[in-house]
Amino acid sequence: QEQREARDLCLKAGLKREAVTMELVLGGYVLQAKQTAQALEVFRDARKRTEAHQLPELAVQAQLAQASTLLVLQRSDEAARAYAEAGKLGMAASAPVLAIEGYRMCGQLLAGAGKVAEATAAWKKALEAAEEEDALAESRR
């Protein structure tokens, strides 16, 4: 309840980024309370809020949270798609480390389902994201 209130206070104050952060934390609390389906909805709401307020780096985090929650719910096919979306969002948000994780997990789930060609394609995208991260790190030096 208090976490919801914190999110709502941020919304009322126009603190959009902070509101999404509070919502992601709320989802984590709900997940820890073993209310997995409800946590998934909280993470989906957070993702919608990131789109409405143009917060691409938080969109990746919300998408990863959705994917991991789908995995807890043993909805592996949906989780794989959600992780792939997180990878795509990570690349678009110039967050290659998060993109790597999205594509890596997507590939892992696909491989576990015997979808080797699709898993290989996902891992290839993870490697491409890693190359982008290397290039970004090199440009910072």
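What share of the contacts in the chain between residues at least 6 apart in sequence join residues at least 24 apart? It's 44%, where a contact means heavy atoms within 4.5 Å.

Before I go on, the small print. This is a predicted model, so local features need pLDDT of at least 70 and side-chain atom pairs count only at pLDDT 80 or more, while totals for chains, interfaces and linings use all residues. Residues are numbered from 1 along each chain as its sequence is written, and side-chain values use heavy atoms, with hydrogens and water left out.

Okay, the overall picture. We've got seven helices and zero strands, and reading along the sequence you just get α-α-α-α-α-α-α. Helices here are DSSP runs of H or I with at least four residues, strands are runs of E with at least two, and the numbering goes from the N terminus.

On dimensions, the C-alpha atoms fill a box of roughly 45 × 40 × 20 Å along the principal axes. The radius of gyration is 16 Å, and a compact globule with 141 residues would have one near 14 Å, so the two agree. That radius is taken over C-alpha atoms, and the globule rule is 2.2 Å times the number of residues to the power 0.38.

Now the surface. The chain exposes about 8000 Å², and carbon and sulfur atoms supply 53% of that. Those areas come from the Shrake-Rupley method with a 1.4 Å probe, and for residues only the protein chains shown count as cover. Of the 141 residues, 38% are buried. Buried is under 20% relative accessible area, exposed is over 50%, and partly exposed is in between, with a 1.4 Å probe and protein chains only.

Charges next: there are 19 positive and 20 negative side chains, and the centres of the two sets lie 4 Å apart. Lys and Arg count as positive, Asp and Glu as negative, and His and the chain ends are not counted. Each charge is placed at NZ of Lys, CZ of Arg, CG of Asp or CD of Glu.

Let's go inside, beginning with helix 3, residues 36–52. Ala 46 sits in that helix, and at 0% relative accessibility Ala 46 is buried. Leaving out neighbours within four places in sequence, Ala 46 contacts Val 20, Glu 23, Leu 24 and Ala 62. Take the last of those: Ala 46 and Ala 62 are 16 residues apart along the chain, with their C-alpha atoms separated by 6.2 Å.

Thr 36 is in helix 3 too. Thr 36 counts as buried at 15%, and beyond four places in sequence Thr 36 touches Leu 31, Thr 69, Val 72 and Leu 73.

Over in helix 5, there's Gly 90, buried with a relative accessible area of 0%. Setting aside the neighbours within four places, Gly 90 is in contact with Val 60, Ala 95, Pro 96 and Ala 99. For a long-range distance, the C-alpha atoms of Gly 90 and Glu 2 are separated by 30 Å, with their positions 88 residues apart along the chain.

Then helix 7, residues 116–140, which holds Ala 122. Ala 122 is buried at 6%, and outside the four-place window the partners are Tyr 103, Cys 106, Gly 107 and Leu 110. Ala 122 and Ala 84 are 38 residues apart in sequence and 7.4 Å apart in space, C-alpha to C-alpha.

Since Cys 106 came up, a word on cysteines. Cys 106 is buried at 6%, and Cys 10 is buried at 12%. How many disulfides does the structure hold? Zero, with a disulfide defined as a pair of cysteine sulfur atoms within 2.5 Å.

Now a couple of loop residues worth clicking on. Gln 54 is in the loop between helix 3 and helix 4, 56–72, and has a positive phi near 55° without being a glycine. Gln 54 is exposed at 68%. Ser 94, in the loop between helix 5 (76–92) and helix 6 (96–112), also isn't a glycine and has a positive phi of about 55°. Ser 94 is exposed at 54%.

Last one: buried or exposed, what is Leu 9? Leu 9 lies in helix 1, residues 2–12, and is exposed, at 58% relative accessible area. From Leu 9 to Ser 139, C-alpha to C-alpha, it's 39 Å, across 130 residues of sequence.

That's my tour, thanks.
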